[in-house]
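Biologist: I would like to learn how to read a protein model, starting with the fold and ending with empty space and single residues.

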Amino acid sequence: MNIFVQILFNSLETGGILALATMGIILIFRTSKAFNYAQGVISMFCAFIAAWFMSETGFNVFVSTLAGVVGAVSVGILIDRVVIKRTIKLHSVSKQIVTLGLVIVFLGLAPMFFGNIPLTYGRFAQGTQTIMDATITNSALVNIFIGVALMAALFFIIQKTKWGLAVRATASNDTVARMMGIPTSIVTMGAWAVAAALGSLAAMMVAPTTTVNFMMMDSIQITALLACVLGGLGTFFGPVFAAYLIALARNLISFYISSVWADAIVYLSILGILLINPNGIFGKKLVKKV
């Protein structure tokens, strides 16, 4: 029983990190109508900001994380105002190519600003707890709380507030939303800022287990994109649910079947689900009426 509890908590931690990255991608996809392939490198860059801030100032991990999030919001706004705003009339595929260009830009900027040496980053909490005979680190518990709390807050905002209504209207049809007086450009800018902040927070949650390096978010980016497709691109809830599901499935397969083949089995399972339901678990088939 204690092994399953350990796997469950590990999955909640990993799933929360994936959910943050996934929500950032789906926010941009729904409002800008394009996948943001640069989400991972933007998150990496902002994690470097936080790690550099910690090493240079000596502030604790919480202040440094706040600095990283503020930097991420600034980066997200800058990208939207300088780059994305100029692509509003482009096809969605062209926008996605632009985000691929951003990958190259941030991979070039990171060593220019922070050097080639990976940086260390502290945990949010020290020590461990014993829950149902399973040993869980306090840092993992904090990460779980951050993931669940932020997802709950974002879903509340999207479903129950005027800002959320503006996001949903822009996601549904940005042209009609503009005609109804919704400032869709501000909504899109806010989506990029929030997405960058969520991704950077995910990177800073991962950083203590590895280092802050140029490749730290690559696997998370790929898995988050898969979660978006698996959960359904037409919903905000589906991709987040899929992120937690993928994390749980990967950990269960790693322990009970094979740690070597876990990723391959998960990816093949996702492919099988999409072959049966191409719109994803919660996706709906789009029907255009003439």
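The dialogue below goes through the overall fold, then the voids, then two residues.

Biologist: What should be known about the model before reading any values?

Modeller: This is a predicted model, in which local features need pLDDT of at least 70 and side-chain atom pairs count only at pLDDT 80 or more, while totals for chains, interfaces and linings use all residues. Residues are numbered from 1 along each chain as its sequence is written, and side-chain values use heavy atoms, with hydrogens and water left out.

Biologist: How many helices and strands does the protein have?

Modeller: Elements are DSSP runs numbered from the N terminus: helices are H or I with at least four residues, strands are E with at least two. Here there are 11 helices and 2 strands. Their order from the N terminus is α-α-α-α-β-β-α-α-α-α-α-α-α.

Biologist: What does the radius of gyration say about the protein?

Modeller: It is taken over C-alpha atoms and set against a globule rule, 2.2 Å times the number of residues to the power 0.38. For 290 residues a compact globule would have a value near 19 Å, and the protein agrees because its own value is 19 Å. The C-alpha trace spans about 60 × 50 × 35 Å along the principal axes.

Biologist: What share of the residues is buried?

Modeller: Buried means under 20% relative accessible area, exposed over 50%, and partly exposed in between, with a 1.4 Å probe and protein chains only. Of the 290 residues, 48% count as buried. As for contacts (heavy atoms within 4.5 Å), residues 24 or more positions apart account for 74% of those with a separation of 6 or more.

Biologist: How is empty space found?

Modeller: Rolling a probe the size of a water molecule over the atoms shows where empty space is left. On a 1 Å grid over the protein atoms alone, a cavity is a set of points where a 1.4 Å probe fits but cannot get out; a pocket is an open set with protein on both sides within 12 Å along at least five of seven lines; lining residues have an atom within 4 Å of a point. The search finds 1 cavity of 30 Å³ or more. The largest cavity holds about 30 Å³, and its lining includes Ile-28, Ser-32, Lys-95 and Trp-192. Helix H1 (2–32) and helix H4 (92–114) are the elements that give two or more residues to this lining.

Biologist: Which elements supply the lining of the second largest pocket?

Modeller: H1, H8 and helix H9 (218–231) each supply at least two residues, and H1 has the largest share, 4 residues. The second largest pocket has a volume of about 320 Å³. Of its 14 lining residues, Thr-14, Ile-17, Val-206, Thr-209 and Ile-220 lie nearest the centre.

Biologist: Is Ser-200 buried or exposed?

Modeller: Ser-200 counts as buried because its relative accessibility is 0%. It sits in helix H8 (residues 184–206). Leaving out residues up to four places away in sequence, Ser-200 touches Ser-43, Cys-46, Gly-68, Val-69 and Ala-72.

Biologist: Where is Asn-143, and what does it touch?

Modeller: Asn-143 belongs to helix H5 (residues 138–160). At 2% relative accessibility, Asn-143 is buried too. With residues up to four places away in sequence not counted, Asn-143 touches Glu-13, Phe-124 and Met-205. The C-alpha atoms of Asn-143 and Val-206 are separated by 9.4 Å, although the two are 63 residues apart along the chain.

Notes. Points joined across faces, edges and corners; volume = space filled by probe spheres on them.
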